[in-house]
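Subject: Structure handover

Hi,

Here is the structure I promised to pass on. Have a look at it first, and my notes on what turned up follow underneath.

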Amino acid sequence: MTLHPGTALAGLALLGGLSACATRSEFGTFATLGQEYAATLQPVAEAACQTQIDADSWKLIDTAGLGSVSEATLLEFDQSSLDFCAQTDRLVAHAGALGAYFGSLRRLTAVNQDDAFGAAAAGSFADLNRLGAMLRADGGVQIPPDAVGGIVNAVVNERIEDALRRELVARKDALATEFATLEAVLEVLQANLERQIAQIQAIRQDVQVYAPLVLDQVDDPATLVATRRLILRGDSSVQAMDAALEAARQVRSSFETLITEDPGTDLIYERIEALAGKLTELRSLLATMRT
Amino acid sequence: MSKKAELVALLRDAEMDLYLPPFRRWLRTLPPADRQSILNLRSEFTIQVNTFVTTQLNELLDDLVPVEAELRQAVERLDETIDALEDFKTGVEWLGKAVQVLAKVVKAAL
């Protein structure tokens, strides 16, 4: 077995050229944040579905208070609410695929990270060097004592980072479609949520403020409590939708930076920290909605 | 603003007006039969607006079907890559053991 010193130098030069790319830790952070982002889409979509169902119920209550609701109208509203939620369920299912993808990327960043493998690789080549030293007396193998282990460890490390970047670049168009579509979906959901909540507020104003004055009707206290909760939670779901939209923009921005040839460490950190900040904000809003 | 966005805004404003208190106060002044006819029309219009929003979401999510398939394939390929790297790790560990055995043999022979 022989290793030409020239090959080792060429290998090191190649590795030096690749060092401008994002590090494995940065890819790992991005993948982890991407996975967390995909997970947060589920409660956001579920809140949108719930607000739609509640808003449709309030429209029916409003109609019933002014006239009557036919069974056909009732069934149409039921179907309309279910159709809307079927779309938010599709969004959740898709977020599952996105989460699985980021999960695989994260797993890839973790491969070979453990000390046991590094020690095994270093140990193997140290043994090989010792073997070379024994054979040298016999005029056989010449292995530079320190270069081999270093090169192999670097190759193993760089190979993963290169694979990560190649993977993201290969998936560039698909991910760009993914992020752009998710942003558009969230914009539609956000506009719809705002409309539903505005309608609920208008109905509440009529049912609980004006109608009792005109018709001498006293509203059920339980309804008052339920409506207030719905409106206040609806407001936080609009804020969560805003935060989800901002997080989607940050995921796209981080992704675009990571696939850039030489983005610069400061820019990568800036993008990833912005994404982490938006996700913290979103998680905090989602926690408020659950209480 | 695109024509589609204009239409969306128009539908939203129109539907919103139907739920504002002045509209309901006006409705209460009508005879019951007329009021019911208008309420039926309002319900129909609301359903149509809801359907419009749902269709919009549906069209957007349709764009993600091929992307979702690609992501699932990518997950499979990445898992294969991870398995291959794990195999490489096992290979290196095996090489270490083999070299140790070989070293003992060489040492004994020398």
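**Helix against helix**

In this predicted model, the axes of α2(A) and α3(A) cross at roughly 175° and come within 8 Å. Angles over 145 degrees count as roughly antiparallel, so α2(A) is roughly antiparallel to α3(A). Sorted by class, the contact of α2(A) with α3(A) has 20 nonpolar, 12 polar and 3 charged residues.

α2(A) also packs across the chain boundary. With α3(B), the angle is about 170° and the axes are 10 Å apart. These two helices, α2(A) and α3(B), are therefore roughly antiparallel to each other as well. On the α2(A) side the contact is made by A:Lys59, A:Thr63 and A:Leu66, and on the α3(B) side by B:Arg35, B:Leu39, B:Ser43 and B:Thr46. The class count for the contact of α2(A) with α3(B) is 2 nonpolar, 3 polar and 2 charged residues.

**The two chains**

Chain A has 8 helices and 0 strands, so to speak a one-letter pattern: α-α-α-α-α-α-α-α along the sequence. Of its 291 residues, 37% are buried. If you take the contacts in chain A between residues at least 6 apart in sequence, 86% of them join residues at least 24 apart.

Chain B has 4 helices and 0 strands, running α-α-α-α from the N terminus on. Buried residues account for 19% of the 110 residues in chain B.

One of those helices got a quick sanity check on its length. α3(B) has 31 residues, which at 1.5 Å a residue should span 45 Å; its end C-alpha atoms are 44 Å apart, so the two agree. The buried residues of α3(B) are a mixed list: B:Leu39, B:Arg42, B:Ser43, B:Thr46, B:Asn50, B:Val53, B:Thr54, B:Leu57, B:Leu60 and B:Leu61. B:Leu39, B:Ser43 and B:Thr46 from that list are also among the residues that touch α2(A). As background, an α-helix has 3.6 residues a turn, so residues three or four places apart point the same way.

**Where A meets B**

How many residues does each chain put into the contact? Chain B gives 51 residues and chain A gives 56 residues. On the chain B side, the elements that give two or more residues are α1 (3–17), α2 (21–28), α3 (32–62) and α4 (64–109). The largest share of that side comes from α4(B), with 25 residues. By class, the side of chain B that touches chain A has 26 nonpolar, 11 polar and 14 charged residues.

B:Leu71 is a good residue to click on here. B:Leu71 lies in helix α4 of chain B and has 24 other C-beta atoms within 10 Å, so B:Leu71 is buried. Leaving aside neighbours within four places in sequence, B:Leu71 is in contact with A:Ala97, A:Leu98, A:Tyr101 and A:Ala174. Further along the chain, B:Gln100 is 29 residues from B:Leu71, and their C-alpha atoms are separated by 43 Å.

**The core**

The largest nonpolar core has 67 residues, and the ones with the most contacts inside it are A:Met241, A:Ala244 and A:Ala247. Which elements each supply at least two residues of this core? From chain A they are α2 (24–66), α3 (71–110), α5 (147–170), α6 (172–215), α7 (221–258) and α8 (265–290), together with α3 and α4 of chain B. α2(A) gives the most, with 14 residues. In soluble globular proteins, nonpolar side chains tend to be buried together.

Two residues are worth a look in this part of chain A. Apart from neighbours within four places in sequence, A:Met241 is in contact with A:Val44, A:Ala48, A:Leu186, A:Leu189, A:Gln190 and A:Leu193. Then there is A:Leu245, in helix α7 of chain A. A:Leu245 counts as buried because there are 21 C-beta neighbours inside 10 Å, and the cut-off for buried is 20 or more. With the neighbours within four places again left out, A:Leu245 is in contact with A:Glu183, A:Leu186, A:Glu187 and A:Gln190. A:Leu186 and A:Gln190 thus appear in the list for A:Leu245 and in the list for A:Met241. A:Gly234 is 11 residues from A:Leu245 in sequence and 16 Å away in space, C-alpha to C-alpha.

Cheers

Technical notes
Residues are numbered from 1 along each chain as its sequence is written. Chains are lettered from A and ligands numbered from 1 in the order in which they are written. This is a predicted model: local features need pLDDT of at least 70, side-chain atom pairs count only at pLDDT 80 or more; totals for chains, interfaces and linings use all residues. Two residues are in contact if their C-beta atoms, placed from the backbone, lie within 7 Å. Ala, Val, Leu, Ile, Met, Phe, Trp, Tyr, Cys and Pro count as nonpolar, Asp, Glu, Lys and Arg as charged, and the others, Gly among them, as polar. A nonpolar core is a set of buried Ala, Val, Leu, Ile, Met, Phe, Trp, Tyr and Cys residues joined through C-beta atoms within 7 Å. A residue is buried if 20 or more other C-beta atoms lie within 10 Å of its own, exposed if 12 or fewer, and partly exposed in between; C-beta atoms are placed from the backbone. The expected span of a helix is 1.5 Å times one less than its number of residues. Axes are lines fitted to C-alpha atoms, for helices over the stretch in contact, and angles run from 0 to 180 degrees between N-to-C directions. Angles under 35 degrees count as roughly parallel, over 145 as roughly antiparallel, 65 to 115 as roughly perpendicular and the rest as oblique.
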